[in-house]
Amino acid sequence: MLRLLFSLVLTLCFLTPAINAADKKGNPKPTQADVSYGPYKMNKLDFWQAEGKGPRPILVHIHGGGWIGGDKARIGNIKPFLDKGISYASVNYRLTGEAPLPAPVHDAARAIQFIRSKAGEWNLNKNKIVLTGGSAGACTSMWLLLHDDLADPKSKDPVLRESTRVTAAAVGGGQTSIDPKVIEPWLGPNVLKHAMIHKAVGGKSMQDVMDNYEKHEALYKEFSPYNHLTSDDPPLLMTYNNNMKLPSENAGHGIHHPVYGVKMKEKADKAGTECHLLIPGVSKSKKYKNTNDFLMDKLLSKDK
């Protein structure tokens, strides 16, 4: 009995900081938690329903972690959005240890389709779905923002008949390309030391992946958001830290390097799409001071 009690105390000690951390942000409990949006165990999302007249806009968070780890519980302060009548969802997806690409990104796409399918029940405006996330969540968000619609009008699954297109995205520290033959010239060799790059395609190591690059090339090209940007894409805002040193200093610096944003911004400007890049002391937007300014504008504007 004493051993059991000791075990329970230890468990509570480890859990308490996480519980308190969530409480300190002032976030209410989800209206619905662990909602299943697909057939896999990790296909779960949390949903917070905002009050307001008429269908509500929704901000969807896709967590980071290199597609290797992370969890939908890792959200910031969402109360300012709920207070403005903006609903919120946070999404889990399969990680590359269980299933490499396309699984993590296609799961997130299905989550958007599922949320759209719930528009009537959850009082949502299908034309006001905005994405946010950091790191791999940023990469996924940008991919969804820029990729052609994945809707299949002929699918027997009503969820898959819904659109994957969104209104806008605001992301932090995101990889605009994951193709090693693109990012090494951009950033130097240290970026390839990050496990995200080889694990994304199910590789055992970076050397294994490069020795068999032709096998993985299609996945790398497909899931690099940079490759999908065209002139008709929705607005994007990217934020990065201001360590512009090249080549990148280490794996962590390389995988979140500001040059990812610089390259995307250059391409977006040439294409004529709305793109904002915020790097302290390096790049700023004429219209938005920070991420929340952009998000509130895109979610609350009257245009469709």
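Two strands are said to pair if DSSP finds at least two bridges between them. The legends below describe a predicted model.

**Figure 1. Strand 6 pairs with strand 5 and with strand 7.**
Strand 5 and strand 6 run parallel and are joined by five bridges. Within this part of the model, G134 stands opposite G172 of strand 6. Between the two strands the chain passes through helix 5, which comprises residues 136–146, and the resulting β-α-β crossover is right-handed. Strand 6 also pairs with strand 7 in the parallel sense, here over four bridges. G172 appears again in this pairing, where it stands opposite T239 of strand 7. Strand 6 covers residues 168–172, and four of these five residues are buried, so the strand is largely enclosed by the rest of the structure.

**Figure 2. Helix 9 has buried residues along one face.**
Which residues of helix 9 are buried? They are Y213, H216 and Y220. Viewed down the helix axis, the buried residues fall within an arc of 75 degrees, so they line one face of the helix. On the other side of helix 9, the residues E214, K215 and A218 are exposed. The buried residues pack against three further elements: helix 6 (180–187), helix 7 (195–199) and helix 8 (206–211).

**Figure 3. H216 is a buried residue of helix 9.**
The helix that holds H216 spans residues 213–222. Is H216 buried or exposed? The relative accessibility of H216 is 6%; because buried means under 20% relative accessible area, H216 counts as buried. When its neighbours within four places in sequence are left aside, H216 is in contact with V201 and V209.

**Figure 4. M244 lies in the loop between strand 7 and helix 10.**
With a relative accessible area of 29%, M244 is partly exposed. Which residues does M244 touch, if those up to four places away in sequence are not counted? The list consists of H257, P258, V262, I279 and V282. For one of these contacts, that with H257, the separation of the C-alpha atoms can also be given. M244 and H257 are 13 residues apart along the chain, and their C-alpha atoms are separated by 7.2 Å.

**Figure 5. Cis peptide bonds precede P102 and P247.**
Most peptide bonds are trans. The bond that joins L101 and P102 is cis, with an omega of about 15 degrees. P102 belongs to the loop between strand 4 (87–91) and helix 3 (103–117). A cis bond also joins L246 and P247, and its omega is about -5 degrees. P247 is situated in the loop that lies between strand 7 (236–239) and helix 10 (251–255).

**Figure 6. D34 and N123 have positive phi values.**
Most residues other than glycine have a negative phi. D34 is not a glycine, yet its phi is positive, at about 55 degrees. Where does D34 lie? It is part of strand 1, which spans residues 32–36. The relative accessible area of D34 is 46%, so this residue is partly exposed. N123 is likewise a residue other than glycine, and its phi is near 55 degrees. N123 lies in the loop between helix 4 (119–122) and strand 5 (124–134). With a relative accessible area of 27%, N123 is partly exposed.

**Figure 7. The protein as a whole comprises 12 helices and eight strands.**
The radius of gyration of the protein is 20 Å, close to the 19 Å that the globule rule gives for 304 residues, so the protein is as compact as a globular protein of that length. Along the principal axes, the C-alpha atoms fill a box of roughly 60 × 50 × 45 Å. Of the 304 residues, 49% are buried. Among contacts with a separation of 6 or more, 72% are between residues 24 or more positions apart.

**Figure 8. Confidence in the model averages a pLDDT of 93.**
A pLDDT of at least 70 is reached by 91% of the residues. Over residues 1–23, however, the pLDDT is below 50. How many contacts does this stretch have in the model beyond near neighbours in sequence? Residues 1–23 have one such contact.

Definitions and conventions: Residues numbered from 1 in each chain as written. Predicted model: local features only at pLDDT ≥ 70, side-chain atom pairs only at ≥ 80, totals over all residues. Heavy atoms only, no water. Buried < 20%, exposed > 50% of the residue type's maximum accessible area, 1.4 Å probe, protein only. Contact = heavy atoms within 4.5 Å. pLDDT = per-residue confidence, 0-100. Arc of directions from axis to C-beta. Right-handed = clockwise from strand over helix to strand, strands pointing away. Rg over C-alpha atoms; globule rule 2.2 N^0.38 Å.
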